[in-house]
Amino acid sequence: MLRGSSSEEDSSSDEDQNEALLVEDPEFDLLIFTQRWPITACYEWREKSPDHICGLPSAQNIWTIHGIWPTKLNTIGPSFCNKTAVFNVTELDPIEKQLEQFWINVEKNKPYDSLWRHEWLKHGTCAAAVMVQLNTEDKYFGQGLTWLQQHSMADVLGEGGIKPGQNYTVLEIRQVLIDRLQKNMAIECYHDKETKQQFLNEIRVCFNKNLELENCDGILFEDVFIDQPQGKIITNCNVNKPVFYPATVPLSRYEKTHMSPFDLHTKFLEEYKRQKAKENKNMKILVNIYKLIQLLKWSTM
């Protein structure tokens with residue numbers, strides 16, 4: 001793969017450079033490991049401009065990594081803890097193929113390594129200043145891959161019955177997370193201003209400096225208090241509205257505007273066929289279970 005400097009091309013570079021002028025104390029309390037649902041991330045990106053295109057992982061139904069963020073409780077940051085740091089993508093050669101799949105830059109209009117560069121300079125330098133376990137690019141990004149393998153939201157949610165293509169309540173999603181990881185995590189939604197719909201976007205899992213799972217209570221994020229036993233929910237989602245977990249990337253507002261009636265009809269038929277195929281598959285499973293029960297009953301008579 002051809003490599004080039006992304007420092008001038010990354011659209012977030014101006015923001016990065018301005019923030020990098022600040023001298024930050026690198027000390028922090030928790031590491032926030034943020035996983036994103038690339039389908040929602042793609043939709044959000046395409047909603048911003050008709051020219052935006054997405055890069056999605058080749059495997060279906062996988063959550064990808066957004067970043068590992070050192071965080072002080074009840075505040076934001078630290079960030080850009082080494083303003084002289086330089087991102088060297090060649091240091092990631094041993095794990096680059098894995099990163100291209102699992103730490104993918106959904107915003108494909110940008111240089112392929114721009115997300116890695118941004119995450120290392122803004123967050124990785126702070127982790128590196130405090131923790132020897134994360135003090136190189138290879139260690140920092142490698143730890144993200146390890147955590148994803150151990151705590152993939154595709155597995156965690158799937159095992160709890162939360163599947164793409166359906167609506168769920170925030171309480172349902174949170175309960176599955178707590179049942180499986182025994183910790184309180186942050187649930188982040190993307191709010192579509194046009195449709196007023198909210199989409200499952202990111203889940204933030206917290207770790208302490210021993211790289212052990214920790215409650216995310218105290219991170220600076222919107223939270224909702226509800227009656228026990230649920231306790232505090234860390235989320236920006238509206239708990240009174242359904243949260244859609246999309247199976248495919250919805251049409252952006254630009255696509256809806258420019259699609260012909262024929263294209264819209266074709267899109268509707270494709271979605272209808274997909275839903276019917278899913279229903280038929282579920283029905284076959286139920287029929288087979290019923291047949292098995294009847295066979296067992298007959299064999300024990």
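The charged end of Lys 209 sits over the ring of Phe 28. The distance to the ring centre is 5.0 Å. This is a predicted model.

Aromatic rings also meet each other here. A search of the whole structure finds 15 aromatic pairs. Two of them are set out below, beginning with Trp 37 and Trp 63.

| Pair | Centre to centre | Angle between planes | Class |
|---|---|---|---|
| Trp 37 and Trp 63 | 5.7 Å | 40 degrees | tilted |
| Tyr 190 and Phe 199 | 6.3 Å | 35 degrees | tilted |

What does the pair of Trp 37 and Trp 63 tie together? Trp 37 lies in the loop between β1 (30-36) and α2 (38-48). Trp 63 lies in the loop between α2 and β2 (64-71). The pair therefore ties together parts that are 26 residues apart in sequence. Both Trp 37 and Trp 63 are buried.

The second pair is tilted because its planes stand at 35 degrees, and stacked rings need planes under 30 degrees apart while edge-to-face rings need over 60. Tyr 190 is buried, and Phe 199 is too. These two residues belong to one aromatic cluster with Tyr 43 and Phe 244.

Now to a helix. Helix α5 covers residues 137-151, which makes 15 residues. At 1.5 Å a residue, α5 should span 21 Å. Its end C-alpha atoms are 21 Å apart, so the model agrees with the expected span.

Which residues of α5 are buried? Among them are the aromatic residues Tyr 140, Phe 141 and Trp 147. Glu 137, Gln 143 and His 151 are buried as well. So are Gly 142, Gly 144, Leu 145 and Leu 148.

Note on methods
Residues numbered from 1 in each chain as written. Predicted model: local features only at pLDDT ≥ 70, side-chain atom pairs only at ≥ 80, totals over all residues. Heavy atoms only, no water. Phe/Tyr/Trp six-rings, centres within 6.5 Å; stacked < 30°, edge-to-face > 60°. Helix = DSSP H or I, 4+ residues; strand = E, 2+ residues; numbered from the N terminus. Buried < 20%, exposed > 50% of the residue type's maximum accessible area, 1.4 Å probe, protein only. Lys NZ or Arg CZ within 6 Å of the ring centre and 35° of its normal. Expected span 1.5 Å × (residues − 1).
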